[in-house]
Amino acid sequence: RKVLIPVDGSVHADRALEFYMDFISHETDSVILFHVSEPLHLPSVSVKEISADRQKEIEEAQRERKNHENELKEKYMQAIKNKSLGNVEYKHESFPKPQEKIVSIAVEEDVSMIVIGSRGLGTIRRTFMGSVSDYVLHHTHKPVMIVPPSTHV
């Protein structure tokens, strides 16, 4: 089996990974831990027009993004390290709508299932705020396991 687990550093993503490892995982599984971050919002001017201070700010934001990504990767790879799993890989992409990228990577990678955490929003809040897990469930043709938040979150 090939399993896609979207991760973002939240307690909800952590819970989905823990649920997978505790109740679903098999040593022959191939796991993709997938993080989608929104692109940095950079000014739409030419590089020549950006002041030196602004250029430093942009470079610092890019460094911070890279450091954050490395920390997330380390966190999840460490969490999964002690489990007897087959192939585990961590992927990251930058895309403005994470839910759409999760659906497309599930197709591209031809995964067997998606295990995703949920914030546990009510119907009205989900309607107005949107829900990544709800979008994935309704826009993919792959089996989706939505792991709800614990009652202690």
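1. A useful place to enter this predicted model is Val115, which, once its neighbours within four places in sequence are left aside, is in contact with Val3, Leu4, Ile5, Pro6, Ala16, Tyr20, Ile24, Met145 and Val147. Val115 is also listed among the residues with the most contacts inside the largest nonpolar core, a group of 20 residues in which Ile5, Tyr20, Val31, Leu33, Tyr76 and Ile80 are named alongside Val115. Strand 1, helix 1, strand 2, helix 2, strand 3 (88-94) and strand 4 each supply at least two residues of this core, and the largest share, six residues, comes from helix 1. Apart from this core lies another, of twelve residues, among them Ile102, Val103, Ile116 and Val136. As background, nonpolar side chains in soluble globular proteins tend to be buried together.

2. On the overall architecture, the chain holds five helices and five strands, and these follow one another along the sequence in the pattern β-α-β-α-β-α-β-α-α-β. Of the 153 residues in the chain, 35% are buried, while the accessible surface comes to about 9500 Å², with 51% of that area belonging to carbon and sulfur atoms. Among contacts with a separation of 6 or more, 78% are between residues 24 or more positions apart.

3. The five strands form an open sheet with parallel pairing, and their order across the sheet is 3-2-1-4-5. Strand 3 and strand 5 stand at the edges, and because each has a single partner strand, one side of each is left without a neighbour in the sheet. From one strand to the next, the twist averages 20°. Looking at one pairing in detail, strand 1 and strand 2 are joined in the parallel sense over five bridges, and Val3 has Val31 of strand 2 as its bridge partner.

4. Helix 1, which spans residues 11-24, has 14 residues and reaches 19 Å from its first C-alpha to its last, a value close to the 20 Å expected at 1.5 Å a residue. Its buried residues are His12, Ala13, Asp14, Ala16, Leu17, Tyr20, Met21 and Ile24, and they pack against strand 1 (2-6), strand 2 (30-37), helix 2 (52-81), strand 4 (113-117) and strand 5 (144-147). With respect to the sheet, helix 1 lies across strand 1, strand 2, strand 4 and strand 5, and runs at about 135° to strand 4. Helix 5 (residues 132-139) also packs on the sheet, where it touches strand 4 and strand 5, with a direction that makes about 160° with that of strand 4.

5. Two individual residues deserve a look, and the question for Lys101 in helix 3 is whether this lysine is buried or exposed. Lys101 counts as buried because its relative accessibility is 12%, which falls under the 20% cut-off. Beyond its neighbours within four places in sequence, Lys101 is in contact with Phe34, Val36, Glu93, Phe95 and Glu108.

6. The second residue is Asp110, located in the loop between helix 3 (98-108) and strand 4. Its phi is near 50°, a positive value in a residue other than glycine. Asp110 counts as exposed because its relative accessibility is 54%, which is over the 50% cut-off.

Note on methods
Residues are numbered from 1 along each chain as its sequence is written. This is a predicted model: local features need pLDDT of at least 70, side-chain atom pairs count only at pLDDT 80 or more; totals for chains, interfaces and linings use all residues. Side-chain values use heavy atoms; hydrogens and water are left out. Helices (H or I, at least four residues) and strands (E, at least two) are DSSP runs, numbered from the N terminus. The expected span of a helix is 1.5 Å times one less than its number of residues. Buried means under 20% relative accessible area, exposed over 50%, partly exposed in between (1.4 Å probe, protein chains only). Contact means heavy atoms within 4.5 Å. A nonpolar core is a set of buried Ala, Val, Leu, Ile, Met, Phe, Trp, Tyr and Cys residues joined through side-chain atoms within 4.5 Å. Accessible areas come from the Shrake-Rupley method with a 1.4 Å probe; for residues, only the protein chains shown count as cover. Two strands pair if DSSP finds at least two bridges between them. Axes are lines fitted to C-alpha atoms, for helices over the stretch in contact, and angles run from 0 to 180 degrees between N-to-C directions.
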